[in-house]
Amino acid sequence: MLKVGIVGLPNVGKSTLFNALLKKQLAYAANYPFATIEPNIGVVEVPDDRLEKLADSIASLQNDVRPPIVHATVEFFDIAGLVRGAHKGEGLGNQFLSHIREVSVIVHVVRLFEDDNIIRVASAVNGPIDDKKDKFAWDTFQKVKKELNNGILVKNQVLSEDETEVVKPLNLLTIKPQIFVFNISENQLTNKQETEQKIQKILSDANKKDEYIYLCVKLENDILTLPENDQIEYLTSFGLTQTGMDQLIKTAYKTLNLISYLTAGEKEARAWTITKGTDAQNAAGVIHSDFIKKFIRADIVNFKDFVEANGWVKARENGKVQSVGRDYIMKDGEVADFKIAP
């Protein structure tokens, strides 16, 4: 499962963002430092409109009985606020580092709007041996350390494939991909051009080239109290076509080079997460590890062709299904039926 850690200085909107992600108030959002001590953890569905259409296709073949829909999921960690000196154990630095080391991508929440009623914890709002094998590892660590001391994050350093493998087990914070989430006001949301320019200047001044999105966390939470149709109307009034939460999840997928393939049958219509470039054999292993060694072949059909044919039978009759071997590279949105040995 994709694991995302939400971090940032205290009181920038981390827990409020987490509440919106879960579509309910689970995190303890309070206006003082360290309101979140243990990381709140929540599993959020990955938005995918294709699953509804898959289920409808199956229903048309079995007396309108729709199979359940199972979305791919993302696990979000709402982690305690980080303060200056955390690397020395100040504040909740030790807990922060232990909680964040296992996440796949870091979402760094930055408060872009001004509010004198919000407590600040800093002066400003803005703020992240013997044999050849051992010798190689030591030299690599020294190289990485030198670059870190020069202000270059590990993920931005030029490392060979072997050097990357040596560093990976260290679970260094700066080797993880990062997404900036700028928490803005409703007024800033309606002045998109000015807001974009301000964000671009911040990133440029900090020499940051990471993925980013901006959203109004307050608005995202307000939307939760409305019926679905009213939510769409509310978003449209701000010139939005999707919630910031959906945008964040999709950005996390993009950052980690992830895609989804689909399965459809009487039991369920489901999305499965894989890394772009995964072959059919290893894609099958996402369903069950035994499928890797028992893999025979995979029947693959384009999503659009599957829906138009209302299922596997017509899709095969129309010549839209191809049988592929273990080395076939899966594509986003393909519907797959894996043939596995007993």
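Colleague: Which residues are linked with Arg-297 in a network of salt bridges?

Modeller: Asp-299, Arg-316, Asp-337 and Lys-339 are linked with Arg-297 in that network. Keep in mind that this is a predicted model.

Colleague: Noted. How many salt bridges does the count come to?

Modeller: The count comes to 18 salt bridges. One of them brings together the side chains of Arg-66 and Glu-52, at 2.8 Å from N to O.

Colleague: Which parts does that pair tie together?

Modeller: Arg-66 sits in the loop between α2 (50-59) and β3 (69-70), while Glu-52 belongs to helix α2, so the salt bridge ties together parts that are 14 residues apart in sequence.

Colleague: And how accessible are Arg-66 and Glu-52?

Modeller: Arg-66 is partly exposed, with a relative accessible area of 36%. Glu-52 is partly exposed too, at 42%.

Colleague: What about Glu-211, which residue does its side chain meet in a salt bridge?

Modeller: The side chain of Glu-211 meets that of Lys-254, at 3.6 Å from N to O. This pair links distant parts of the chain, with Glu-211 in strand β7 (residues 211-215) and Lys-254 in helix α10, 43 residues apart. Glu-211 counts as partly exposed at 30% relative accessibility, and Lys-254 counts as exposed at 57%.

Colleague: Where do Lys-218 and Asp-222 lie?

Modeller: Both are in helix α8 (residues 217-223). Their side chains meet in a salt bridge of 3.1 Å, N to O. Because they are 4 residues apart in that helix, about one helical turn separates them.

Colleague: Is Lys-218 buried or exposed?

Modeller: Lys-218 counts as exposed, with 54% relative accessibility. Its partner Asp-222 is partly exposed, at 28%.

Colleague: Changing topic to the strands. Which strands are joined to β1 by bridges?

Modeller: β1 (residues 2-7) is joined to β4 (residues 73-78) by 5 bridges, and the two run parallel. It is also joined to β5 (residues 105-111), by 4 bridges, again parallel.

Colleague: Which residue stands opposite Lys-3 in β4?

Modeller: That would be Glu-75. On the β5 side, Val-4 stands opposite Val-105 and Gly-5 stands opposite Ile-106.

Colleague: How many residues of β1 are buried?

Modeller: 5 of its 6 residues are buried, so to speak mostly covered.

Colleague: And how many residues of β5 are buried?

Modeller: 7 of its 7 residues are buried, so β5 is largely enclosed by the rest of the structure.

Colleague: Which residues are on each side of β5?

Modeller: Val-105, Val-107, Val-109 and Arg-111 are on one side, with Ile-106, His-108 and Val-110 on the other, and all of them are buried. That fits a general pattern: side chains alternate between the two faces of the sheet in a regular strand.

Colleague: What strand do 6 bridges join to β5?

Modeller: They join β6 (residues 178-183) to β5, and the two run parallel. As an example, Val-109 has Val-181 in β6 as its bridge partner.

Colleague: Now the inside. Which residues touch the most other members of the largest nonpolar core?

Modeller: Leu-17, Leu-54, Phe-76 and Leu-248 do, in a core of 43 residues. The largest share of this core comes from α10, with 5 residues.

Colleague: What is Phe-76 in contact with?

Modeller: Leaving aside neighbours within four places in sequence, its contacts include Val-4, Ile-6, Phe-18, Leu-21, Leu-248 and Ile-249. Asn-40, Ile-41, Gly-42 and Val-44 are also among them.

Colleague: Phe-18 and Leu-21, which helix has those among its buried residues?

Modeller: That is α1. This helix (residues 14-21) is mostly covered, with 7 of its 8 residues buried. Lys-14, Ser-15, Leu-17, Asn-19 and Ala-20 are the others on its buried list.

Colleague: Last one: where is Thr-243 found?

Modeller: Thr-243 is in the loop between α9 (228-237) and α10 (244-255).

Colleague: Is Thr-243 buried or exposed?

Modeller: Thr-243 is buried, because its relative accessible area is 15% and the cut-off for buried is under 20%. Not counting residues up to four places away in sequence, Thr-243 touches Glu-220 and Leu-235.

Key:
Residues are numbered from 1 along each chain as its sequence is written. This is a predicted model: local features need pLDDT of at least 70, side-chain atom pairs count only at pLDDT 80 or more; totals for chains, interfaces and linings use all residues. Side-chain values use heavy atoms; hydrogens and water are left out. Buried means under 20% relative accessible area, exposed over 50%, partly exposed in between (1.4 Å probe, protein chains only). Contact means heavy atoms within 4.5 Å. Two strands pair if DSSP finds at least two bridges between them. A nonpolar core is a set of buried Ala, Val, Leu, Ile, Met, Phe, Trp, Tyr and Cys residues joined through side-chain atoms within 4.5 Å. A salt bridge is a side-chain nitrogen of Lys or Arg within 4 Å of a carboxyl oxygen of Asp or Glu.
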